[in-house]
Amino acid sequence: MYFHGMEEKGYLHQIHPVLPVWDVVEALDFYVNRLGFKIAFADDAKNPKYAGILRDDIEIHLQWHNKKMWEVDIDRPMLRIVSQNIEALYNEYSNVDVFNAHTLLRETAWGTREFAFYDPFKNGLTFYRDV
């Protein structure tokens, strides 16, 4: 328990972002077979509309949305995932054809070493560590 003065205080310790996808099975295939996640749960074994995936200490949820939502040009979620051994992760992902033409492992002006790309549903994924 955490206390602030004499009151018990809430404590935040994890976040499970929910990414919109038009095909949960396709999203599971991408995250499991290319990015090395494992399936934590799915609401239906054959035609899931909601599922969770895990890799190390990261849990991401995938939720079905009608594909027509992608016809409107709006910003999609961008996740920033703190990573250890960023060079090994970059090398792992460079071998599974997930990068776009602009994906580079680089040091930023804000003190990180990072790389980024989009999943098949235009959700942004940035993996980084502090320099």
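Tutor: A nonpolar core is a set of buried Ala, Val, Leu, Ile, Met, Phe, Trp, Tyr and Cys residues joined through side-chain atoms within 4.5 Å. Buried means under 20% relative accessible area, exposed means over 50%, and partly exposed is in between (1.4 Å probe, protein chains only). What you see above is a predicted model, so local features need pLDDT of at least 70, side-chain atom pairs count only at pLDDT 80 or more, and totals for chains, interfaces and linings use all residues. Residues are numbered from 1 along each chain as its sequence is written, and side-chain values use heavy atoms, with hydrogens and water left out.

Student: Okay, how many helices and strands are there in the protein?

Tutor: Helices (H or I, at least four residues) and strands (E, at least two) are DSSP runs, numbered from the N terminus. Walk along the chain from that end and the pattern reads β-β-β-α-β-β-β-β-α-β-β-β. Tallied up, the protein has two helices and ten strands.

Student: What does the C-alpha trace span along its principal axes?

Tutor: Picture the 131 residues of the protein laid out along three principal axes. The C-alpha trace then spans about 50 × 40 × 30 Å.

Student: What percentage of the residues are buried?

Tutor: Use the cut-off from the start, under 20% relative accessible area. Check each of the 131 residues against it, and the buried ones make up 34%.

Student: Among contacts between residues at least 6 apart in sequence, what percentage join residues at least 24 apart?

Tutor: Contact means heavy atoms within 4.5 Å. Take the contacts between residues at least 6 apart, then pick out those whose partners are at least 24 apart. Their share is 49%.

Student: Back to the core. Which residues of the largest nonpolar core touch the most other members?

Tutor: Here's some background: in soluble globular proteins, nonpolar side chains tend to be buried together. In this model the largest nonpolar core holds 26 residues. Those touching the most other members are Tyr31, Leu35, Leu62, Tyr93, Phe117 and Phe127.

Student: And which element gives the most to this core?

Tutor: Several elements give it two or more residues: strands E3 (18-21), E5 (50-55), E6 (58-64), E7 (78-82), E9 (112-118) and E10 (124-130), plus helices H1 (24-33) and H2 (86-94). The top giver supplies five residues, and that element is H1.

Student: Let's zoom in on Tyr93. Which residues is Tyr93 in contact with, leaving aside neighbours within four places in sequence?

Tutor: Tyr93 is one of the core residues that touch the most other members. Skip the neighbours within four places, and its partners are Arg34, Leu35, Phe37, Arg55, Val98, Phe99, Phe115, Phe117 and Phe127.

Student: Arg55 is on that list. Is Arg55 buried or exposed?

Tutor: Arg55 sits in strand E5. Leaving aside neighbours within four places, Arg55 is in contact with Leu35, Gly36, Phe37, Leu89, Glu92 and Tyr93. Its relative accessibility is 18%, so Arg55 counts as buried.

Student: What is the length of the polar contact that joins the side chains of Arg55 and Tyr93?

Tutor: A polar contact is a pair of N or O atoms within 3.5 Å; within protein, one must be able to donate a hydrogen and the other to accept it, and residues adjacent in sequence count only if both atoms are side-chain atoms. For the side chains of Arg55 and Tyr93, the value is 3.2 Å.

Student: Now Thr103. Which residue has its backbone oxygen 2.9 Å from a polar atom of the Thr103 side chain?

Tutor: Thr103 is in the loop between H2 and strand E8 (106-107). It counts as buried because its relative accessibility is 6%. Beyond neighbours within four places, Thr103 is in contact with Tyr90, Phe115, Ala116 and Phe117. The backbone oxygen 2.9 Å away belongs to Ala116.

Student: What about Asp97: is it buried or exposed?

Tutor: Asp97 is placed in the loop between H2 and E8. With a relative accessible area of 60%, it is therefore exposed.

Student: Last one! What is the phi of Asn85 near?

Tutor: Most residues other than glycine have a negative phi. Asn85, in the loop between E7 and H2, has a positive one. Asp97 also has a positive phi, near 55 degrees. For Asn85, phi is near 50 degrees.
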